[in-house]
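Please open the model in a viewer with residue selection enabled. The stops below are given in the order in which they may be selected.

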Amino acid sequence: MKNPVASYIEELKNTMDLLPEDRIQEVIELLREARLARRQVFIMGNGGSASTATHFVCDLGKNTRSPELPNFRVIGLSDNMAIFSALANDEGYENVFAQQLASFVQPEDIVIGISASGNSPNVLRAMVLANQRGARTVAFTGFDGGKLRSLAGIEIHVPSHCIEHVEDIHLVLEHLITKALKGMNMTGQTIGMESLETVPLPMGAN
(Lines give C-alpha, C1' and ligand atoms only; values in the text may rest on other atoms or scores of the structure.)
Protein backbone atom coordinates (compact mmCIF):
# COMPACT_ATOMS: atom_id res chain seq x y z
CA MET A 1 0.00 0.00 0.00
CA LYS A 2 1.26 3.45 -0.91
CA ASN A 3 2.30 5.70 1.93
CA PRO A 4 -0.64 8.13 2.47
CA VAL A 5 1.71 11.02 3.25
CA ALA A 6 3.73 10.55 0.07
CA SER A 7 0.55 10.02 -1.94
CA TYR A 8 -1.06 13.24 -0.68
CA ILE A 9 2.05 15.28 -1.43
CA GLU A 10 2.54 13.74 -4.86
CA GLU A 11 -1.06 14.39 -5.90
CA LEU A 12 -0.87 17.93 -4.56
CA LYS A 13 2.28 18.62 -6.58
CA ASN A 14 0.69 17.18 -9.73
CA THR A 15 -2.36 19.39 -9.30
CA MET A 16 -0.22 22.48 -8.72
CA ASP A 17 1.52 21.83 -12.03
CA LEU A 18 -1.84 22.17 -13.82
CA LEU A 19 -2.72 25.63 -12.51
CA PRO A 20 -3.48 28.28 -15.18
CA GLU A 21 -0.54 30.66 -14.74
CA ASP A 22 -1.92 33.14 -17.27
CA ARG A 23 -5.14 33.57 -15.30
CA ILE A 24 -3.27 33.97 -12.04
CA GLN A 25 -1.27 36.76 -13.67
CA GLU A 26 -4.53 38.35 -14.86
CA VAL A 27 -5.81 38.46 -11.29
CA ILE A 28 -2.56 39.98 -10.06
CA GLU A 29 -2.80 42.73 -12.67
CA LEU A 30 -6.49 43.30 -11.97
CA LEU A 31 -5.78 43.78 -8.27
CA ARG A 32 -2.78 46.02 -8.96
CA GLU A 33 -4.97 48.29 -11.08
CA ALA A 34 -7.70 48.31 -8.42
CA ARG A 35 -5.16 49.33 -5.81
CA LEU A 36 -3.89 52.27 -7.84
CA ALA A 37 -7.44 53.39 -8.67
CA ARG A 38 -8.48 52.98 -5.00
CA ARG A 39 -11.27 50.62 -5.93
CA GLN A 40 -12.78 48.31 -3.33
CA VAL A 41 -12.02 44.59 -3.19
CA PHE A 42 -14.60 42.24 -1.66
CA ILE A 43 -13.75 38.61 -0.82
CA MET A 44 -16.12 35.83 0.32
CA GLY A 45 -16.42 32.12 0.94
CA ASN A 46 -18.05 29.51 3.19
CA GLY A 47 -16.47 27.16 5.72
CA GLY A 48 -12.83 26.53 4.89
CA SER A 49 -13.19 28.99 2.03
CA ALA A 50 -14.37 31.64 4.51
CA SER A 51 -11.10 31.10 6.33
CA THR A 52 -9.16 31.54 3.10
CA ALA A 53 -11.17 34.68 2.29
CA THR A 54 -10.36 36.15 5.70
CA HIS A 55 -6.70 35.26 5.29
CA PHE A 56 -6.66 36.91 1.85
CA VAL A 57 -8.22 40.09 3.27
CA CYS A 58 -5.62 40.20 6.04
CA ASP A 59 -2.69 39.67 3.69
CA LEU A 60 -3.83 42.17 1.06
CA GLY A 61 -4.69 44.76 3.69
CA LYS A 62 -1.53 44.51 5.74
CA ASN A 63 1.30 42.75 3.94
CA THR A 64 1.23 44.77 0.72
CA ARG A 65 1.57 48.20 2.34
CA SER A 66 4.17 50.49 0.83
CA PRO A 67 4.96 54.19 1.34
CA GLU A 68 4.91 54.59 -2.45
CA LEU A 69 1.50 53.02 -3.13
CA PRO A 70 -2.10 53.30 -1.90
CA ASN A 71 -3.25 50.70 0.60
CA PHE A 72 -5.74 48.10 -0.59
CA ARG A 73 -9.36 48.88 0.24
CA VAL A 74 -10.29 45.28 0.98
CA ILE A 75 -13.37 43.95 2.81
CA GLY A 76 -14.19 40.40 3.92
CA LEU A 77 -17.86 39.53 3.52
CA SER A 78 -17.56 36.50 5.82
CA ASP A 79 -16.14 38.42 8.76
CA ASN A 80 -18.88 40.54 10.38
CA MET A 81 -20.72 37.84 12.32
CA ALA A 82 -23.47 40.16 13.54
CA ILE A 83 -24.63 41.27 10.09
CA PHE A 84 -23.85 37.86 8.58
CA SER A 85 -26.10 36.04 11.07
CA ALA A 86 -28.80 38.73 10.96
CA LEU A 87 -29.05 38.43 7.18
CA ALA A 88 -29.00 34.62 7.35
CA ASN A 89 -31.75 34.60 9.98
CA ASP A 90 -34.02 37.22 8.41
CA GLU A 91 -33.37 36.99 4.67
CA GLY A 92 -31.90 33.53 4.11
CA TYR A 93 -28.36 32.19 4.10
CA GLU A 94 -28.28 32.44 0.33
CA ASN A 95 -28.39 36.25 0.64
CA VAL A 96 -25.66 36.90 3.23
CA PHE A 97 -23.09 38.09 0.69
CA ALA A 98 -25.32 39.70 -1.93
CA GLN A 99 -27.07 41.93 0.62
CA GLN A 100 -23.76 43.14 2.04
CA LEU A 101 -22.44 43.83 -1.45
CA ALA A 102 -25.61 45.71 -2.40
CA SER A 103 -24.76 48.44 0.12
CA PHE A 104 -21.20 49.07 -1.05
CA VAL A 105 -20.18 47.69 -4.44
CA GLN A 106 -19.46 50.14 -7.25
CA PRO A 107 -18.67 49.66 -10.95
CA GLU A 108 -15.12 48.38 -11.51
CA ASP A 109 -14.75 47.21 -7.89
CA ILE A 110 -13.37 43.67 -7.55
CA VAL A 111 -15.45 40.81 -6.13
CA ILE A 112 -13.66 37.53 -5.39
CA GLY A 113 -15.69 34.40 -4.65
CA ILE A 114 -13.97 31.30 -3.24
CA SER A 115 -15.90 28.04 -3.55
CA ALA A 116 -14.43 24.56 -3.94
CA SER A 117 -17.62 23.20 -5.52
CA GLY A 118 -18.43 26.38 -7.40
CA ASN A 119 -22.06 25.90 -6.38
CA SER A 120 -22.47 27.78 -3.08
CA PRO A 121 -25.80 29.62 -3.51
CA ASN A 122 -24.73 32.65 -1.48
CA VAL A 123 -21.54 33.10 -3.54
CA LEU A 124 -23.50 32.66 -6.78
CA ARG A 125 -26.08 35.28 -5.81
CA ALA A 126 -23.38 37.74 -4.86
CA MET A 127 -21.62 37.19 -8.18
CA VAL A 128 -24.83 37.82 -10.09
CA LEU A 129 -25.31 41.10 -8.21
CA ALA A 130 -21.66 42.07 -8.73
CA ASN A 131 -22.00 41.54 -12.48
CA GLN A 132 -25.23 43.55 -12.54
CA ARG A 133 -23.46 46.43 -10.78
CA GLY A 134 -20.56 46.41 -13.21
CA ALA A 135 -17.96 45.00 -10.82
CA ARG A 136 -15.06 42.83 -11.97
CA THR A 137 -15.49 39.25 -10.78
CA VAL A 138 -12.95 36.56 -9.90
CA ALA A 139 -13.59 32.97 -8.80
CA PHE A 140 -11.37 30.40 -7.11
CA THR A 141 -12.96 27.02 -7.81
CA GLY A 142 -12.26 23.28 -7.72
CA PHE A 143 -13.97 20.05 -8.83
CA ASP A 144 -15.70 20.89 -12.17
CA GLY A 145 -15.98 24.62 -11.43
CA GLY A 146 -19.74 24.43 -10.86
CA LYS A 147 -22.06 27.27 -11.80
CA LEU A 148 -19.60 29.85 -10.52
CA ARG A 149 -17.23 29.42 -13.46
CA SER A 150 -19.76 30.92 -15.89
CA LEU A 151 -20.41 33.93 -13.61
CA ALA A 152 -16.81 35.02 -13.08
CA GLY A 153 -14.85 37.26 -15.41
CA ILE A 154 -11.71 35.35 -14.42
CA GLU A 155 -11.78 31.83 -12.98
CA ILE A 156 -8.77 30.17 -11.39
CA HIS A 157 -9.76 26.52 -11.43
CA VAL A 158 -8.00 23.91 -9.31
CA PRO A 159 -8.45 20.69 -11.32
CA SER A 160 -9.02 18.30 -8.43
CA HIS A 161 -11.92 16.45 -6.83
CA CYS A 162 -10.09 16.27 -3.51
CA ILE A 163 -11.52 18.97 -1.24
CA GLU A 164 -8.36 19.10 0.86
CA HIS A 165 -6.19 19.73 -2.19
CA VAL A 166 -8.55 22.37 -3.55
CA GLU A 167 -8.55 24.27 -0.26
CA ASP A 168 -4.77 23.88 0.12
CA ILE A 169 -4.18 25.37 -3.31
CA HIS A 170 -6.67 28.22 -2.84
CA LEU A 171 -4.60 29.30 0.15
CA VAL A 172 -1.40 28.98 -1.91
CA LEU A 173 -3.00 31.17 -4.57
CA GLU A 174 -3.82 33.95 -2.13
CA HIS A 175 -0.27 33.87 -0.78
CA LEU A 176 1.21 33.83 -4.29
CA ILE A 177 -0.95 36.76 -5.41
CA THR A 178 -0.20 38.76 -2.27
CA LYS A 179 3.54 38.17 -2.58
CA ALA A 180 3.52 39.23 -6.23
CA LEU A 181 1.64 42.44 -5.41
CA LYS A 182 3.94 43.17 -2.48
CA GLY A 183 6.89 43.04 -4.84
CA MET A 184 5.50 45.44 -7.46
CA ASN A 185 6.07 49.15 -7.86
CA MET A 186 3.71 51.78 -9.32
CA THR A 187 4.25 50.61 -12.89
CA GLY A 188 3.91 46.91 -12.13
CA GLN A 189 7.62 46.18 -12.31
CA THR A 190 9.19 43.87 -9.74
CA ILE A 191 10.93 45.79 -6.98
CA GLY A 192 14.64 45.03 -6.72
CA MET A 193 16.24 44.09 -3.43
CA GLU A 194 17.73 47.59 -3.11
CA SER A 195 14.21 49.07 -3.22
CA LEU A 196 12.92 46.66 -0.61
CA GLU A 197 15.28 48.22 1.92
CA THR A 198 13.04 51.32 1.98
CA VAL A 199 9.85 49.35 2.69
CA PRO A 200 9.01 49.01 6.40
CA LEU A 201 9.24 45.43 7.66
CA PRO A 202 6.12 43.88 9.19
CA MET A 203 5.98 43.90 12.97
CA GLY A 204 8.00 41.02 14.37
CA ALA A 205 10.02 40.53 11.18
CA ASN A 206 13.78 40.19 11.39
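**First stop: Thr-137**

Select Thr-137 and display its surroundings: leaving aside residues up to four places away in sequence, Thr-137 touches Val-111, Met-127, Ala-130, Asn-131, Leu-151, Ala-152, Gly-153 and Ile-154. The model being inspected is a predicted one. Thr-137 belongs to strand β4, which covers residues 136-141. Is this residue buried or exposed? Its relative accessibility is 5%, below the 20% limit, and Thr-137 therefore counts as buried. Next, show the backbone of Leu-151, since the side chain of Thr-137 reaches the backbone oxygen of that residue at 3.4 Å.

**The whole chain**

Return to a cartoon view of the full protein. It contains 8 helices and 5 strands. Followed from the N terminus, the elements run α-α-β-α-β-α-α-β-α-β-β-α-α. Of the 206 residues, 45% count as buried. Among contacts with a separation of 6 or more, 71% are between residues 24 or more positions apart.

**Helix α7 and its two partners**

Two packed helices are described by the angle between their axes and the distance between the axes. Both values are available for the next two selections.

Select residues 4-16, which form helix α1, together with residues 163-182, which form helix α7. The two axes come within 10 Å and cross at roughly 55°, and α1 and α7 are therefore oblique to each other. The crossing in which α1 passes α7 is right-handed. Which residues make the contact? On α1 they are Tyr-8, Glu-11, Leu-12, Thr-15 and Met-16, and on α7 they are Glu-164, His-165, Asp-168, Ile-169 and Val-172. Coloured by class, the residues of this contact divide into 5 nonpolar, 2 polar and 3 charged.

Keep α7 in view and replace α1 by helix α2, residues 21-36. Here the axes are 10 Å apart, and the packing angle is about 50°. As a result, α2 and α7 are also described as oblique to each other, and their crossing is right-handed. To display the contact, select Ile-24, Val-27, Ile-28, Leu-31, Arg-32 and Arg-35 in α2, which meet Leu-173, Leu-176, Ile-177, Ala-180 and Leu-181 in α7. The division by class is 9 nonpolar, no polar and 2 charged.

**Asn-46 and its neighbours**

Move to Asn-46, in the loop between β1 (40-45) and α3 (48-63). Its relative accessible area is 18%, and Asn-46 is therefore buried. What does its side chain contact? It makes a polar contact with the side chain of Tyr-93, at 2.6 Å. Beyond residues up to four places away in sequence, Asn-46 touches Tyr-93, Phe-97, Ile-114, Ser-120, Asn-122 and Val-123.

**Both ends of helix α4**

Select residues 81-91, helix α4, and include Asn-80, which caps the N-terminal end. A side-chain oxygen of Asn-80 lies 3.2 Å from the backbone nitrogen of Ala-82. After α4 comes Gly-92, with a positive phi near 100°.

Within this helix, select Ala-86. With a relative accessible area of 36%, Ala-86 is partly exposed. Add Val-96 to the selection: Ala-86 and Val-96 are 10 residues apart in sequence, and their C-alpha atoms are 8.5 Å apart in space.

**Two loop residues with positive phi**

Most residues other than glycine have a negative phi. The last two selections concern positive values in residues that are not glycine.

Glu-108 is located in the loop between α5 (96-104) and β3 (110-115). Although Glu-108 is not a glycine, its phi is positive, at about 75°. A relative accessibility of 33% places Glu-108 among residues that count as partly exposed.

Finish at Phe-143, in the loop between β4 and β5 (154-157). What is the phi of Phe-143? Its value is near 50°, which is positive in a residue other than glycine. Phe-143 is partly exposed, with a relative accessible area of 24%.

Conventions:
Residues are numbered from 1 along each chain as its sequence is written. This is a predicted model: local features need pLDDT of at least 70, side-chain atom pairs count only at pLDDT 80 or more; totals for chains, interfaces and linings use all residues. Side-chain values use heavy atoms; hydrogens and water are left out. Axes are lines fitted to C-alpha atoms, for helices over the stretch in contact, and angles run from 0 to 180 degrees between N-to-C directions. Helices (H or I, at least four residues) and strands (E, at least two) are DSSP runs, numbered from the N terminus. Angles under 35 degrees count as roughly parallel, over 145 as roughly antiparallel, 65 to 115 as roughly perpendicular and the rest as oblique. A crossing is left-handed if the near helix is turned anticlockwise from the far one by less than a right angle, and right-handed if clockwise. Contact means heavy atoms within 4.5 Å. Ala, Val, Leu, Ile, Met, Phe, Trp, Tyr, Cys and Pro count as nonpolar, Asp, Glu, Lys and Arg as charged, and the others, Gly among them, as polar. Buried means under 20% relative accessible area, exposed over 50%, partly exposed in between (1.4 Å probe, protein chains only). A polar contact is a pair of N or O atoms within 3.5 Å; within protein, one must be able to donate a hydrogen and the other to accept it, and residues adjacent in sequence count only if both atoms are side-chain atoms.
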